[in-house]
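Q: I should like to learn how the features of a protein model are read, one at a time. Where should such a reading begin?

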Amino acid sequence: MEIQVFFMELIFTCPETSQVFYTGNFEVIDNHGIKTDTAGNKILEAKVALVDPCPFCGRMHVYHANELACPLSGRF
Ligand SMILES: [Zn+2]
(Lines give C-alpha, C1' and ligand atoms only; values in the text may rest on other atoms or scores of the structure.)
Protein backbone atom coordinates (compact mmCIF):
# COMPACT_ATOMS: atom_id res chain seq x y z
CA MET A 1 0.00 0.00 0.00
CA GLU A 2 1.56 3.26 -1.15
CA ILE A 3 0.87 6.31 0.96
CA GLN A 4 1.60 9.75 -0.37
CA VAL A 5 2.31 12.14 2.47
CA PHE A 6 2.27 15.87 1.96
CA PHE A 7 3.28 18.29 4.67
CA MET A 8 4.51 21.82 4.76
CA GLU A 9 6.09 21.95 8.20
CA LEU A 10 6.12 19.75 11.24
CA ILE A 11 6.97 20.35 14.86
CA PHE A 12 10.06 18.50 16.04
CA THR A 13 11.61 18.25 19.47
CA CYS A 14 15.38 18.01 19.68
CA PRO A 15 16.10 14.93 21.85
CA GLU A 16 19.43 16.43 22.92
CA THR A 17 18.25 19.84 24.11
CA SER A 18 14.44 19.36 24.36
CA GLN A 19 14.02 22.49 22.23
CA VAL A 20 11.10 22.62 19.82
CA PHE A 21 11.42 23.78 16.24
CA TYR A 22 9.46 23.84 13.02
CA THR A 23 10.87 22.70 9.74
CA GLY A 24 9.70 21.65 6.34
CA ASN A 25 13.11 20.16 5.57
CA PHE A 26 12.44 16.54 6.32
CA GLU A 27 11.69 13.38 4.44
CA VAL A 28 9.56 10.37 5.19
CA ILE A 29 11.60 7.17 5.12
CA ASP A 30 10.76 3.53 5.83
CA ASN A 31 7.14 4.19 4.98
CA HIS A 32 5.15 1.02 5.61
CA GLY A 33 1.77 2.71 5.53
CA ILE A 34 -0.98 2.69 8.10
CA LYS A 35 -1.00 -0.03 10.73
CA THR A 36 -3.43 -0.72 13.53
CA ASP A 37 -1.89 -1.18 16.95
CA THR A 38 -3.06 -3.55 19.67
CA ALA A 39 -5.42 -0.88 21.07
CA GLY A 40 -7.09 -0.45 17.69
CA ASN A 41 -5.50 2.91 16.95
CA LYS A 42 -4.35 3.64 13.44
CA ILE A 43 -0.71 4.64 13.31
CA LEU A 44 1.54 5.60 10.48
CA GLU A 45 4.37 3.09 10.39
CA ALA A 46 7.13 5.30 9.06
CA LYS A 47 10.13 7.34 10.07
CA VAL A 48 10.76 11.01 9.49
CA ALA A 49 14.35 12.12 8.96
CA LEU A 50 15.64 15.67 9.01
CA VAL A 51 17.20 16.81 5.74
CA ASP A 52 18.98 19.71 7.42
CA PRO A 53 20.86 19.39 10.71
CA CYS A 54 18.99 20.19 13.90
CA PRO A 55 19.20 23.96 14.58
CA PHE A 56 20.07 23.34 18.23
CA CYS A 57 22.58 20.49 18.29
CA GLY A 58 23.50 20.07 14.62
CA ARG A 59 22.60 16.39 14.42
CA MET A 60 20.45 14.70 11.82
CA HIS A 61 17.62 13.36 13.94
CA VAL A 62 15.30 10.56 12.85
CA TYR A 63 11.86 10.29 14.42
CA HIS A 64 9.19 7.65 14.47
CA ALA A 65 6.11 9.10 12.81
CA ASN A 66 3.91 8.23 15.77
CA GLU A 67 6.25 10.08 18.16
CA LEU A 68 5.58 13.39 16.50
CA ALA A 69 3.02 15.70 18.06
CA CYS A 70 1.52 16.61 14.77
CA PRO A 71 -1.02 15.66 12.12
CA LEU A 72 0.99 12.56 11.24
CA SER A 73 -0.44 10.59 14.12
CA GLY A 74 -4.02 11.78 14.04
CA ARG A 75 -4.91 12.63 10.53
CA PHE A 76 -5.76 9.25 8.99
ZN1 LIG B 1 18.95 18.30 18.01
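The dialogue below goes from the overall make-up to the strand pairing and then to individual loop residues.

A: The model is predicted. A reading may begin with the secondary structure.

Q: How many helices and strands does the protein have, and which pattern do they follow along the sequence?

A: There are seven strands and one helix. Along the sequence the order is β-β-β-β-β-β-β-α, with the helix after the strands.

Q: What share of the residues is buried?

A: A residue counts as buried if 20 or more other C-beta atoms lie within 10 Å of its own. In this protein of 76 residues, 8% are buried.

Q: What part of the contacts joins residues 24 or more positions apart?

A: Among contacts with a separation of 6 or more, 41% join residues that are 24 or more positions apart.

Q: In which sense do strand 1 and strand 2 pair, parallel or antiparallel?

A: Strand 1, residues 10-13, pairs with strand 2, residues 20-23, in the antiparallel sense, over four bridges. Within this pairing, Leu10 has Thr23 of strand 2 as its bridge partner. The two strands form a hairpin with six residues between them.

Q: Which strands form the open sheet, and in what order?

A: As a general idea, side chains in a regular strand alternate between the two faces of the sheet. Here, the open sheet holds three strands in the order 3-6-7, with antiparallel pairing. Strand 3 (26-29) and strand 7 (62-64) are the edge strands, each pairing on one side only. On average, neighbouring strands of this sheet are turned by 25° against each other, direction ignored.

Q: Over how many bridges do strand 6 and strand 7 pair?

A: Strand 6, residues 47-50, and strand 7 pair over three bridges in the antiparallel sense. Lys47 stands opposite His64 of strand 7.

Q: Which residue in the loop between strand 1 and strand 2 has a positive phi, and is this residue buried or exposed?

A: Backbone angles are read together with the position in the chain and the surroundings. Ser18 lies in that loop, and its phi is near 65°, a positive value in a residue other than glycine. Ser18 is exposed because 8 other C-beta atoms lie within 10 Å, and the cut-off for exposed is 12 or fewer.

Q: Where is Asp30 found, and why does Asp30 count as exposed?

A: Asp30 is found in the loop between strand 3 and strand 4 (34-36). Its phi is near 50°, also a positive value in a residue other than glycine. Asp30 counts as exposed because it has 12 C-beta neighbours inside 10 Å, a count that still meets the cut-off of 12 or fewer.

Definitions and conventions:
Residues numbered from 1 in each chain as written. Predicted model: local features only at pLDDT ≥ 70, side-chain atom pairs only at ≥ 80, totals over all residues. Contact = placed C-beta atoms within 7 Å. Pairing = 2+ DSSP bridges. Axes fitted to C-alpha atoms, helices over the stretch in contact; angles between N-to-C directions.
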